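Thanks, everyone, for making the time this morning. I would like to go through one structure with you, beginning with a single residue and then moving to how some of the helices are arranged; please have it open as I talk.

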Amino acid sequence: MTDTVEDFDARKARASQWFSDLRDRIVAAFEGLEDSHTEGPLSEQAPGRFEVTPTERKGPAGEDHGGGKMSVMRGGRVFEKVGVNISTVWGELAPRAQKAMAARGVPGMEEDPRFWAAGISLVAHMQNPHCPAVHMNTRMFWTPGAWWFGGGADLNPCLEYDEDTAHFHAEMQAACDAHDKTYYDHFKAWADEYFFIPHRGRARGVGGIFYDDLNTDEWEDDFAFTQSVGAAFLPAFQPLIEKRRVQDWSEEDREAQLRHRGLYAEYNLVYDRGTKFGLETGHNADAVLMSLPPVAKWY
């Protein structure tokens with residue numbers, strides 16, 4: 001059966017609302033981590049809170065092309081900087097973005113460059129070097145000739161704990177296995193390849209899962225999988241922070257953290273597909289660059 005425009009209008013609305021609801025749950029959980037950190041390093045300072053800023057995307061003549069919500073917490077007890085952004089945007093792709101989409105095999109880009117995209121993007125940089133940084137996003141993309149989902153989550157510790165890595169991957173695998181037993185191995189390998197930094201010859205972190213261009217011709221199934229990935233994030237990440245946030249750290253630990261953040265910044269500015277797309281499509285630059293750490297070092 002051929003999907004009608006009305007079918008996809010309803011689907012777009014459902015996906016956009018899901019990303020917004022997930023954002024609300026994560027923001028509440030992260031502020032809860034700030035409130036419950038009453039022992040250990042930095043527990044004496046005030047708990048952090050998110051600052052919420054609306055974002056807008058305007059067309060060439062100033063017309064509304066959507067926007068979203070940028071939620072950033074800085075200088076908390078647990079989080080040094082964390083952003084949880086959502087957006088729902090539309091319009092026409094610029095020539096460079098059109099060519100990039102066409103090169104990826106998206107049909108009809110030359111004839112009709114319209115697009116619609118919605119998603120959630122999260123990056124957390126922690127106060128305690130024993131707490132891993134983390135990235136998560138899920139998104140839906142639509143053009144007149146195609147639709148797909150993408151996303152994933154990956155862990156980026158500067159001080160690695162094997163049991164933390166195992167826990168994070170187990171939660172990601174459970175989310176995958178609930179839908180397709182082949183997904184985890186495939187999407188883990190994709191994350192290992194995608195989050196590799198060629199000019200450093202190393203991975204950005206300890207991996208996770210990454211997927212893009214997911215379209216099995218069953219929209220409901222692909223949306224359900226994307227929801228599972230988003231829902232798995234807090235169970236994968238929150239227990240690690242509850243365990244590590246109370247540990248003392250040394251100046252050497254902080255130095256290791258700052259150097260690792262430099263690595264993270266290099267990756268996001270040079271290779272990250274989402275950063276490039278956001279800047280090329282005219283989305284709010286502060287929201288796009290939210291992923292950058294507050295402090296980093298290079299040698």
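Arg-23 is buried, because its relative accessible area comes to 8%, and the cut-off for that word is under 20%. I should say at once that what you are looking at is a predicted model, so please hear everything that follows as a description of that prediction. The residue sits in helix α1, which covers residues 5-36. What does Arg-23 touch, once residues up to four places away in sequence are not counted? The list consists of Val-52, Lys-69, Ser-71, Val-84, Ile-86 and Ile-120. Of these, let me pick out Val-84, which is 61 residues from Arg-23 in sequence, while the two C-alpha atoms are 6.5 Å apart in space.

Let me turn to helix α3, residues 162-177, and to its partner helix α4, residues 183-194, whose axes come within 8 Å of each other and cross at roughly 130°. That angle falls outside the ranges counted as roughly parallel, roughly perpendicular or roughly antiparallel, and the two helices are therefore oblique to each other. Their crossing is right-handed. On the α3 side the contact is made by His-169, Met-172, Gln-173, Cys-176 and Asp-177, and on the α4 side by Tyr-183, Tyr-184, Phe-187 and Lys-188. Sorted by class, the residues of this contact are five nonpolar, two polar and two charged.

How is α3 oriented with respect to α5? The axes of α3 and helix α5, which runs over residues 219-244, also come within 8 Å, and they cross at roughly 160°. Because angles over 145 degrees count as roughly antiparallel, that is the description that applies to α3 and α5. This crossing, too, is right-handed. The contact includes Phe-168, Met-172 and Cys-176 among the residues of α3, and Phe-225, Val-229, Phe-233 and Leu-240 among those of α5. By class, the contact has twelve nonpolar, two polar and five charged residues. If you compare the lists, you will find Met-172 and Cys-176 of α3 in the contact with α4 and again in the contact with α5.

Finally, a word on helix α6, residues 251-270, whose 20 residues reach 29 Å from the first C-alpha to the last, close to the 28 Å expected at 1.5 Å a residue. This helix is mostly covered, with 14 of its 20 residues buried.

Definitions and conventions: Residues numbered from 1 in each chain as written. Predicted model: local features only at pLDDT ≥ 70, side-chain atom pairs only at ≥ 80, totals over all residues. Heavy atoms only, no water. Axes fitted to C-alpha atoms, helices over the stretch in contact; angles between N-to-C directions. Helix = DSSP H or I, 4+ residues; strand = E, 2+ residues; numbered from the N terminus. Parallel < 35°, antiparallel > 145°, perpendicular 65-115°, else oblique. Left-handed = near helix turned anticlockwise from the far one by under 90°. Contact = heavy atoms within 4.5 Å. Nonpolar A, V, L, I, M, F, W, Y, C, P; charged D, E, K, R; others polar. Expected span 1.5 Å × (residues − 1). Buried < 20%, exposed > 50% of the residue type's maximum accessible area, 1.4 Å probe, protein only.
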